[in-house]
Structure formats: structure tokens, C-alpha cells
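User: I'd like a close look at a single part of this model, please. Could you walk me through one helix and what surrounds it?

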Amino acid sequence: MKMQDLNGKVAVVTGASSGIGEAAARLLVQEGVHVVLAARRRERLDVLAAELGSFATVVETDVSDRGQVQALFDLVKDRFGGLDLLFNNAGLGINAKFEDSDPDDWKKMIDVNLYGVLNCTQAAIPLLRGRAGAMICSVSSVGGRYGVENWSVYSATKFAVGGFHDALRKELGPERIRVSVIEPGAVWTEFGQNVSEAMKERRQQLEALTSENIAQAMIYAFAQPANVLVEEILLRPVLQVAP
Ligand SMILES: NC(=O)c1ccc[n+]([C@@H]2O[C@H](COP(=O)([O-])OP(=O)(O)OC[C@H]3O[C@@H](n4cnc5c(N)ncnc54)[C@H](OP(=O)(O)O)[C@@H]3O)[C@@H](O)[C@H]2O)c1
């Protein structure tokens, strides 16, 4: 089957300063895609951009801030005239038993994992319109399919992402904008605050995935012919038989 040639396409990657987003930016540039790197840690983005050269543009962005998100997409419009891929990857998880969890932490997760996705998606849609093979791809989690103990609010935010995409797909499908969700299990990244040593060891025992594994799944979906929608990819280490 003929895959799409990604050369010359334009992508926004949120959460590009580490982990899955950083790996995705690298793979996209290898395919000849111009990548706009968005996250809060400017210095990390600058180091990555120096490595990627003229194919990378840095825009320091807090995805929970609508003004900053609009400025990001205004820049994309001015510089590139449109957008082919929004990779909604920025996210955070704070581990706690729900009964003991801090409402300030609920808000932090909802602001980034849900409002961040809503802000970026709404600003991106006009730029994706009319571009063959355009795609919105968002990183949810196995926690967005199965509730995971001690990640209850995080799971709730990712379930919300799934529901949002299910509805959005019906709104944007007729316009040929593909709406895709990736649901990773355990991945080796900086992800997860308040994670106990025991949980870190479990990740090791599970032979957690690499960021590149997830980035490749995204590229697989993006590079399909423009009429092919890969709606959802759930991938996890084979040893991770439960969420
Ligand atoms: N690692 C796993 O096991 C796993 C499993 C399932 C799903 N996921 C999901 O995978 C995605 C990527 O996480 P990761 O594993 O690569 O972890 P990570 O290395 O901690 O990366 C998270 C990224 O999100 C960015 N971010 C956080 N808050 C942000 C904000 N307000 N505005 C903009 N960017 C923000 C961070 O950048 P700055 O701090 O520089 O802003 C960072 O680049 C997340 O959505 C996460 O929920 C991860």
C-alpha cells in the first residue's frame, strides 16, 4: 500500500521538551516534516532545536493558557500557512490514592490533560482544514481505557480525552480531518509525580516501552493514505497484562 510522503508537511508537537514528544519530533524531522516544538521548558526545546536544525521551530507554550496557545497557532499560520499534524502529547500525572489526593493536583491535571488538548485542538482546526491527510493525534493512556488505582483523576482526564475525540471524529471526519488517539501503557520517560520506588521498579520489571515505540505508532497513523483513519492505538509492554 502506498503510504503518504510526509516530506514538507508541518506538525505541532506539544510536550516536545522530553519523553514521547521529543522522540516524536526527532522521527518527524527524519521524515522531512517541519516541526514546531511547544512546551514550557524553553532551554530543553532550544537544545532539541539545535540538534534538529532548520526543520525545527521553538515556541515556548503553556498549553493550559489559551492566549499562549493562540499565539503558537498564529505563528504557525504566519510562517507555514497551515498545519498537517497536531500531536497533542503534553500531559502530566500525579500519583495518589484518591481519598488522600489534593484538589490543587486535580486542577493541574485537568488544566493540562484536558484543557490543553481542547485549547490546542480548537486553535488548530482552521489550519488543518483543506490539507490532504491532516490529522489530530492525541496521547491518552491505558488509564484512559481502564481506571488505574492511585491514578484516578489522571484516568478521568484521559477518559475525557477519549470521549472528546470520539465526538470530534464525527464532526471532522466529513471534512477529511483524521482524529486519532494513542493509548500507551508503561513508557520510560520523566512522566509521573509522586511515583514510589516500588512503582518505578514495576516499570523495570514490565520492560517498559521507549518513547520511540510510541512515536513510531504516531508516525504509522500519520503516514497512512489520506483516506485511512487509524482511530486508536493501544500499546503496552507485553508483560503489562493489567493496566
Ligand atoms: N510515560 C508513560 O508511562 C505514559 C503512559 C501513558 C500515557 N502517557 C502520556 O504521554 C504523554 C507524554 O508524556 P511522557 O511520558 O513523554 O512524559 P514527560 O517526559 O514527563 O513529558 C511530558 C511533556 O509534557 C509537557 N507539559 C507538561 N505540562 C505542560 C504544559 N502546561 N504546557 C505545555 N507542555 C506541558 C512537558 O514539558 P514542560 O514541562 O517543558 O512544559 C513535557 O514535555 C502525556 O500525555 C502522558 O500522559 C505517558
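User: Which residues in H1 meet which residues in H7?

Analyst: Happy to help! This is a predicted model, in which local features need pLDDT of at least 70, side-chain atom pairs count only at pLDDT 80 or more, and totals for chains, interfaces and linings use all residues. Residues are numbered from 1 along each chain as its sequence is written.

On the H1 side, the residues are Gly19, Ile20, Glu22, Ala23, Ala24 and Leu27, and they meet Ser211, Glu212, Ile214, Ala215, Gln216, Met218 and Ile219 in H7. Contact here puts C-beta atoms, placed from the backbone, within 7 Å. Helices (H or I, at least four residues) and strands (E, at least two) are DSSP runs, numbered from the N terminus. By class, this contact has 8 nonpolar, 3 polar and 2 charged residues. Ala, Val, Leu, Ile, Met, Phe, Trp, Tyr, Cys and Pro count as nonpolar, Asp, Glu, Lys and Arg as charged, and the others, Gly among them, as polar.

Now the geometry. The axes of H1 and H7 (residues 211-222) come within 8 Å and cross at roughly 55°. Axes are lines fitted to C-alpha atoms, for helices over the stretch in contact, with angles from 0 to 180 degrees between N-to-C directions. H1 and H7 are therefore oblique to each other; under 35 degrees would count as roughly parallel, over 145 as roughly antiparallel, and 65 to 115 as roughly perpendicular, with the rest oblique. The crossing of H1 with H7 is right-handed, meaning the near helix is turned clockwise from the far one by less than a right angle.

H1 (19-30) also belongs to the ligand's surroundings, as does H4 (103-128): these are the elements that give two or more residues to the shell. H1 gives the most, with 3 residues. Of the 31 residues around the ligand, Gly15, Gly19, Arg40, Arg41 and Gly91 come nearest, where a residue is near if its C-beta atom, placed from the backbone, lies within 6 Å. Gly19, then, is both among those nearest the ligand and among the H1 residues that meet H7. The shell comprises 11 nonpolar, 15 polar and 5 charged residues.

H4, the other helix of that shell, packs with H3 (residues 66-80) at about 25°, their axes 9 Å apart. H3 and H4 are therefore roughly parallel to each other, and their crossing is right-handed.

Terms used
Contact = placed C-beta atoms within 7 Å.
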